[in-house]
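Thanks for making the time this morning. I would like to walk you through one model, beginning with a pairing between strands and working outwards from there, so please have a look at it first.

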Amino acid sequence: MNDQIHSGGSDHEHGALGDAEYAEFMELAAQEGFDPEDVEGAIGEAGHGPLPALAIVGRPNVGKSTLVNRIIGRREAVVQDKPGVTRDRVSYEAEWAGRRFKVVDTGGWEQDVLGLDASVAAQAEYAIETADAVVFVVDSTVGATDTDEAVVKLLRRSGKPVVLCANKVDGQSGEADATALWSLGLGQPHPVSSLHGRGTGDMLDAVLEALPEAPAQSFGTALGGPRRIALIGRPNVGKSSLLNKVANEDRVVVNEQAGTTRDPVDELITLGGITWKFIDTAGIRRRVHLQEGADYYASLRTAAAVEKAEVAVILIDSSESISVQDQRIITMAVEAGRAIVVAFNKWDTLDEERRYYLEREIETELAQVAWAPRVNVSALTGRHMEKLVPAIETALEGWETRVPTGRLNAFLGEIVASHPHPIRGGKQPRILFGTQAGTKPPRFVLFASGFLEHGYRRFVERRLREEFGFEGTPIHISVRVREKRGRNK
Ligand SMILES: Nc1nc2c(ncn2[C@@H]2O[C@H](COP(=O)(O)OP(=O)(O)OP(=O)(O)O)[C@@H](O)[C@H]2O)c(=O)[nH]1
Ligand SMILES: Nc1nc2c(ncn2[C@@H]2O[C@H](COP(=O)(O)OP(=O)(O)OP(=O)(O)O)[C@@H](O)[C@H]2O)c(=O)[nH]1
């Protein structure tokens, strides 16, 4: 029998809405003919804070991707891209028994470039760094291998809760193979068939027990610790130099082996009178790269740093053309929903001509973050270092901005009146009302009488930015259509 993974949103999250605001909003939605449960679900979905993260770890071919697909409730393979390339997207939202969490997929990563053990160790390391709990998948038809044993050591050392998935137990006869995995010393093996869904429900129940309600690294609040910055960019753009410059001291370069547990990698640095936490500075300072798979490790580190940060400072080498790799890094930060500052380094090297071309490149290549504050700096000369902190503050401010529902609806009413959606098939879809259900980054839910075209959504986003700021932050807009109950987008 198949376990039913999606159980529907039945929790009572109000998102960023206050109690009175929420009650008023629900009344409005009911008047307009929306199903209250659907509206509540939409607000809960858009309004949630950072979700706890569950990583799926295991050797190649044990069935990680199949399991991820099953958990997130999708039939097609998650990972169609070739391994070896930076994967821009590694986490997916999932829900089980009314609880939401992120699933971090470590399948399909770079197995040809790295040796098997190195690749699996890197996955495990990434998972340990970013996850709140881990599902360790073993192919029970094969049994525990040396590679599996090595991963177990890493997982044990991390202290993170681990749920052992004995996969490929497609029927009763496989149960004995699962039982044999007690030998790994990770506690009870959960017999599962990711392919058919057998046992996944019981395993997910165990996962929910292991997974904290909120991530260990919840976003800084007024009371929380220092704001967290990820300083990211492709190799050689000047990350170490910039870090040294802002910290005003020379640092020891640390040589690290991937797959070893590291000592503190984050660093507190006081800038502009405020203490900030720079994430994974060890990775930044690391100079001696492994020859093979260096890009792979670099991108894993970047992804991990972005996961843990609130704001990403993306460093670009302005002396060189903006590359696909720069764009991938930007996409990673945007998709993770982080506040973003773009810093153009090595400004001291620019002549008139390069400056001209750089402006053109920015227009064409960096359109996806046209809203991010830009600073032109030189880690070498110290040029404009003092502009970094204000830019970071601006981005964080945009990231945290919340527009009250009343004000938002006045604004939506105006744009609907002045710029109605084009008529399609004799009908004119209208935005009826909306609310900003979440912040960090801002998340809006619009309720409409019909499908809103992509171009119109873009227009609404542009107008939202003009009206309310949101500098330096991605914005999420989801749309609920009245006729189609329970459908998003
Ligand atoms: N019989 C059986 N086969 C399974 C099960 N889960 C996965 N498989 C098969 O095992 C193979 C590998 O599955 P994937 O999900 O791609 O494995 P992976 O661990 O993500 O592999 P990498 O992406 O290489 O790391 C596929 O042919 C799956 O169909 C299962 O529960 N039972
Ligand atoms: N002219 C100039 N050179 C710079 C500047 N910032 C860094 N560099 C040089 O660029 C090179 C790379 O700098 P790093 O700080 O090592 O770059 P990184 O991004 O940390 O590099 P990885 O460790 O490979 O990721 C070094 O030779 C620096 O001296 C700058 O503002 N101007």
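Let me start with A166, whose bridge partner in strand β6 is P191. Strands β5 and β6 (residues 189-191) pair in the parallel sense over three bridges, where pairing asks that DSSP finds at least two bridges between two strands, and where strands (E, at least two residues) and helices (H or I, at least four) are DSSP runs numbered from the N terminus.

Before going on, I should say that this is a predicted model, in which local features need pLDDT of at least 70 and side-chain atom pairs count only at pLDDT 80 or more, while totals for chains, interfaces and linings use all residues. Residues are numbered from 1 along each chain as its sequence is written, and chains are lettered from A and ligands numbered from 1 in the order in which they are written.

On the other pairing, strand β4 (residues 133-139) joins β5 in the parallel sense over six bridges, and the bridge partner of F136 in β5 is L164. Between these two strands the chain crosses through helix α5 (residues 146-158), and this β-α-β crossover is right-handed, that is, with the strands pointing away from the viewer, the path from the first strand over the helix to the second runs clockwise.

How many residues of strand β5 are buried? Six of the six residues of β5 (residues 162-167) are, so the strand is largely enclosed by the rest of the structure; buried means that 20 or more other C-beta atoms, placed from the backbone, lie within 10 Å of a residue's own, exposed means 12 or fewer, and partly exposed is in between. V162, L164 and A166 point one way from β5, whereas V163, C165 and N167 point the other way.

C165 and F136 also appear among the residues with the most contacts inside the largest nonpolar core, which has 93 residues; such a core is a set of buried Ala, Val, Leu, Ile, Met, Phe, Trp, Tyr and Cys residues joined through C-beta atoms within 7 Å. Its largest share, eight residues, comes from helix α4 (residues 116-130). Domain 2 (51-210) and domain 3 (227-398) both give residues to this core, so it lies between them, with the bounds coming from an automatic or database domain assignment.

Finally, N61 has a positive phi of about 75° although it is not a glycine, and N61 lies in the loop between β1 (53-58) and α3 (64-72).
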